[in-house]
Structures are given as C-alpha cells and as structure tokens.
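Got the viewer open? Let's take a walk through this one, stop by stop.

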Amino acid sequence: MRMRAVWRLWSPGRGSRSVGDSARRRINASCPRAAYLGLLAGMALKPVLGKLGSKRVVLASASPRRQEILCSVGLRFEVVPSWFKETLEKSSFATPYKYAIETAKQKALEVANRMHVKHLRTPDIVIGADTIVTVDEHILEKPIDKQDAYRMLSRLSGKEHSVFTGVAIVHCNSKDNRLETEVTDFYEETKVKFADLSEELLWEYIHSGEPMDKAGGYGIQALGGMLVEYVHGDFLNVVGFPLNHFCKKLVELYYPPPKHTIHHIKHDSIPSVETFENLSDEENDSSSPLQYKGAIKLDRSKTHSSGGVCSPGSSNIIKPNCMMPVENQNGVMENPDKFPSKILELLDGFRASKALFVASKLKVFDLLKNKGVLQAVDVANTINSSVCGTERLLDACAALGLLEKTLQGYSNSDSANIYLASDSEDSLHGYIIHSDDHLWPLFTHLESAVKEGTMQNYRAFGKKSENLFQDSYYQSMEVKQRFMAAMHSIAKLTAKDVATAFDLSQFRSACDLGGCTGALANELVQKYPNLKVTVFDLPEVIANVSHFQPVRQHTAPVTFTSGDFFKDNFPEADLYILSRILHDWTDEKIHMLLSKISAACKPGNALLVAEIVLNKEKIYPPRAVLQSLSMTEGKQRSASEYKQLLEKYGFTSVQIKITGNFLDTILGFRKLSSH
Ligand SMILES: O=c1[nH]cc([C@@H]2O[C@H](COP(=O)(O)OP(=O)(O)OP(=O)(O)O)[C@@H](O)[C@H]2O)c(=O)[nH]1
C-alpha cells in the first residue's frame, strides 16, 4: 500500500534503539546517517566536536529521533531520559516558544540535578528539547489516545501550523559539591501546511499507531509526510531537533569568530570552514562559553533563527544576512568591499527606527490588533492622518516585517501583536515612546556629546539632569510616567530571565533597589512562592506604581517602600537586587551604594546584579556599547569587571550568567568577614 511505501522511504526513528527511563549509554559517532550530515556540519563543527569529545555530554531525551539526529553529526553523548513532567501552565507563557524553551530547560535541569546527586560524575553538558505544534492559538503536544490524535489532526487539516522546538544546552559544574549550571537556550519555528484530510485517511493514519508519541499527532519523517503540502523552514526541527540552529549555537558558544575573519561568516547557515582556520586554544580560549571573545556574535539572542541583529523583535523583520556578505552561485563568499550591504543597512537604520516610533505613537499596531485587516484609507481616517502618508508608513512597516500586507489590506505581524500593541502583556510600547521622545533628541546631539564628552540633556531639552527626578524637566507628571512606562516595559521583558538565571529559592526576603514599578519583584514572587520582595525607590516613583500592577496576579508578597538608596537606610533582606542601576552611575556613587549594601548584607546573603555584560574587548553586544553613547556618568562593564567590583565590596563566589537576552545576571554571596 502507499502508506507502507512512504514509511520505508524515510524513517530514521525505525531501527534505532529504544530507550527506557534508566537507559544511559554511550553512543558512538558511527551512526548510519552520519555520512551526509557529518560531512556538512563536520567541517565547521570539527573544532567544537573536538572540544566536546573530552566532555561528558548527555541528551536528556527519550526521543529516538533526537538521538538519531544528534548522532548524525558525530556528537558523542549518553542518553538519560528526563523525568520532568510536561505540566507547566501554558497560559503563563506569553508565547508558545517560551513554553517550549522552558520545558526543554526543565527537562535538562532535572537530568543534570539527578545525575549530580545520584551518579559519581556530574555531566559537563546536558541537552534538553521540547517540540510543540501550535494552531489557532492552541498548543498541541503528544496525543494521549486515539480520540485526542483525531482531535489534533482534524484541527490541522487544510491549514498551516507552526512547529516549535525549544532547546536548552546546560553547562554543569560541580563546586564544593554544589551543582552550578549555565543555560543557553533557543528555539526554532517551522511552518507546515496540511492538505485537507478525509475522515478515512485520518483514521487510517491514526490506526497505524504513528501519531501517539509525536507532537501534534504526526511524524513528518514517516507516514505523516503524506499529510503535508509544504514545509517552510528546518525539516529536522519538525522531527524534533533543530540541528542547524543547534550547530550554530555550539559554534557560537565555543568558537566566536575573531575580528579578522568576520567577512568569512555566512550568517544563515553553519559558518564556513574559513571562519576557524587560524583558531587555536591559545589565541581564543573557549573552554568556558561564558566569555565572548569575538568582535561580533552570530546571534546572541534567543529569537527565531531568522531574527536579525537589526530586528526590533520580529522573526521576519530584517533577515540577518541583510548585513552580511552572501555566498554567490559558486559557493564563494562575495568580497564585502564590492557591495557595502552592512554599511547601507546602518545608514538606513534611523529611518527604520523612526518608522517604528511613528507607527507606535499613532497607535497603528493597537488599531490593527483590534480590527484585524484594514486598508490604508481606513487606518488614515482612524489615526487622523493623510492617506498618502499613512500608506507610505504602512508599507514601510510591512517592508520591515512589522506588518503583513495582502490584497485585503494591512494586518499586524505576530510580533507586532505581542510586542508593539500598547495593551499586550509583553508590550514594548513604553520603551518605544521613550526612545522617540527622549533618546532620539539626545542622539541628534551625538556629535556635541562626543566632542564634549557630556550628556546632551541641556541641548535636547533645555534642562540639566543630574538627578533624574529632581530636575524640573522630570517634574512633569507626563515625563515621569513616560519614563516609568519605558522602564516597566523593559523590566517586564527581562524579568523572567533575571528571576530564573540562578536558583534563588534559598532566599526568604529580597529588596529590589530602584525596582521602579515592581515588574521584576512580581516575577520573583511568582517564581519563588516563599519569597517576599520590597521594592525600594524614590517617593516620586512609588507614588505612581499602582497602575502598573498586574490585575490577575497575587502581588501580596510585594511591598513598596520609598527612599533614596544613596541617602536613606533600606529594608533588611536576604537578597539585594540592583537591576539596570550600576551602569548609570559614577564610580563615586557606586562606591556609596555598594558600601551600603555590603554593610546591610549579612554573611551568606547575596547581591544579584542585572546588567548587560560586555565581552572582554568591550565591544559586544552592540546594544550596550551604543547605550554608552548617551554619555551618562556611568559605564558598561565586562564580566571580569563586574566580578572585581562585587569582590571589592565583600561579595564572593561571584557567578555570571549570560542569558543571551537583554540582561545578563551576576550573583555574589556576602563573605563571612567584612571588608
Ligand atoms: O513530525 C514529527 N513531529 C514530532 C515528532 C516527535 O514528537 C516528540 C515530541 O515530544 P517531546 O518534545 O515531548 O519529546 P519526547 O518524545 O517526549 O521525548 P523527551 O524525553 O525529550 O521529552 C519527539 O519525540 C519528536 O521526535 C516526530 O517524530 N515527528
């Protein structure tokens, strides 16, 4: 029968070893499909695989497909299936991929912890993955029975859906018998369209038994391939493991490219072999993935693999290779000097930013979120603007991937609904408006800022701003609230990363100094139910926090106390937090603040700092370096500088976690004897 023929054509899972919960085996590099993929990835991955060869790598998955796929690149690993139950509350995640990433992370961490406790040797690296299917805003996992498989497949029939696989790479370290972990995670999305499925075909497929252990109830690599009209994106991602993205991550972690080889990098695939030709451990010690050595990272964000460095958040806004040289038809990298794509991209950057700002200010994304699809003329009438101007703005937003344009009109992209509509949970609206009203005018005076080495508040606003809320400019309620809204949107976006970078469950009380609207505090009390957090901020800030509080969340363990952290005593706490504070102040002010914290912090208690951590050369990530151009009195710091700073004020066992997102985290414990 046709079905059987398809089954035989491509079924990597068949014939592979079945793995029980207790299975833990060494898999050799000599897997059957290694020939093709090993050849492709082995070139660029060879140095990485060499590094991993001496490490104990564990795949925390029972999926035979994942084992097969990883095996195919020649990676040596053991299999220890995770016992983590996939029961995270889906509605608590802003997007499906965040759910998949978190599940992958929990799977890997469970195995890391179990092996650390039960086995003699802690693994060096644990890999976890989770695959889900989303359709019509529903998340589909593995069906529980045939009826469930039927429900899933009939939902998918005739439609396009997304397959997300979240992956977590956990680096483990056993220190004083305590397990320390560093998590790198990412996700990949693939779009799959199903043909219209007849009831007969559907049931025939279900009775084959294939759907039962597969996300969404189908196996694209086998019989399920028959149901598929098209696949956009990484096929192996649908099968359960985004190999290409994974390989890129490994290369990125272990061999960031040095400056002089940047032009060899092909951005949307595994870097070509030239990228690594001169690398050796001596010149680029990459034994720890913590430090970023290269001038430019391929992609340090956790965004979709097609998300670019110039992208304001959407997966399809600007493709990453828009800034990079491309491979010509003969597979040769074009000389970047022939066509200065990257320079042109930078040159146009201000136009793109301003289009985003204006569309946000005119509430275009709010309108389209509520109305669905609209013609330019309808948008123009509602936002009180000219039709020709609105049409150009909408086209610009569509070109940047913020909107979608069809014959029916314009509609929001997924990221616009999530991040640009002002009322959405993860909205960046506040920060965008702040960027337009505050940062844009400041940056128009960049030349003077550079010449004078000072902030340009006076030129931009006619005001001085030594102390934000004490300057008359900031006395205006509107300016205050705009500033708070900006801080709130960034804090909300980063809160989960900051709250989960380290296990903080040992602390009973925390004090978030300069915690503004309490966005981080609210995340912390959700994550750690036994934790009480006090937000300590200026009276002008505390007076305005009420309308930033979450409606449906239990916020009782969060309290607000007003005061000036330079002058006033702050509340006692087991854990002090400084999120996005240190980079803003002079060394003198930092000395005042850290001395106070050090004195207030009891031995064994801790200080958590959230900042963007610069690489050793202090030129990555660009976001931090560009922020410095505002010429505030403070400065951005590298990992070793933060470590030294904390140690200077009596904090020890300093750990740094590069989250790969907006903010990185640093945790230090107060030493027994004071400094
Ligand atoms: O087309 C295909 N789609 C999905 C799959 C397989 O489906 C499962 C997804 O489930 P999950 O991510 O929860 O992983 P598990 O199998 O439960 O293993 P873990 O131990 O890692 O939790 C996955 O096996 C995919 O391979 C498929 O085969 N084809």
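Start by selecting A573, which sits in the loop between β13 (558–562) and β14 (575–579). Helices and strands here are DSSP runs (H or I of at least four residues for a helix, E of at least two for a strand), numbered from the N terminus. Before you go on, keep in mind that this is a predicted model: local features need pLDDT of at least 70, side-chain atom pairs count only at pLDDT 80 or more, and totals for chains, interfaces and linings use all residues. Residues are numbered from 1 along each chain as its sequence is written, and side-chain values use heavy atoms, with hydrogens and water left out.

Is A573 buried or exposed? At 7% relative accessibility, A573 is buried; the cut-offs are under 20% relative accessible area for buried, over 50% for exposed and partly exposed in between, with a 1.4 Å probe and protein chains only. Now show what A573 touches: leaving out residues up to four places away in sequence, you get S509, A510, C511 and N605. Touching means contact, that is, heavy atoms within 4.5 Å. Try a distance from A573 to A510: C-alpha to C-alpha they are 5.0 Å apart in space, though 63 residues apart in sequence.

Next, click on S630, in the loop between α22 (622–628) and β17 (637–638). S630 is buried too, with a relative accessible area of 15%. Its contacts, again not counting residues up to four places away in sequence, are F443 and M455.

Now for the rings. The structure holds 12 aromatic pairs, where rings of Phe, Tyr and Trp (its six-membered ring) pair if their centres lie within 6.5 Å; planes under 30 degrees apart are stacked, over 60 edge-to-face and the rest tilted. Select Y97 and Y187: their ring centres are 3.9 Å apart and their planes at 10°, so this pair is stacked. Y97 belongs to helix α4 (residues 96–118) and Y187 to strand β7 (residues 178–194), so the pair ties together parts that are 90 residues apart in sequence. Both Y97 and Y187 are buried. Add F164 to the selection and you have one aromatic cluster of Y97, F164 and Y187.

Stay with strand β7 and pick F194, then Y218 in the loop between α6 (199–207) and β8 (228–232); the pair ties together parts 24 residues apart in sequence. F194 is buried at 0% relative accessible area, and Y218 is buried at 5%.

Last stop: the ligand. Select the residues near it (those with a heavy atom within 4 Å). Of the 21 residues around the ligand, S61, R66, K107, K142 and V239 come nearest. This shell divides into seven nonpolar, six polar and eight charged residues; Ala, Val, Leu, Ile, Met, Phe, Trp, Tyr, Cys and Pro count as nonpolar, Asp, Glu, Lys and Arg as charged, and the others, Gly among them, as polar. The largest share of the shell, three residues, comes from β4.

Which distances are worth drawing? Go for polar contacts, pairs of N or O atoms within 3.5 Å:

- K107: a side-chain N or O atom is 2.6 Å from a ligand oxygen.
- E86: a side-chain N or O atom is 3.0 Å from a ligand oxygen.
- T131: a backbone N or O atom is 2.8 Å from a ligand oxygen.

Finally, turn on a surface: the protein covers 94% of the 580 Å² of accessible area that the ligand has on its own, by the Shrake-Rupley method with a 1.4 Å probe.

Notes. Polar contact = N/O pair within 3.5 Å; in protein donor to acceptor, adjacent residues only side chain to side chain.
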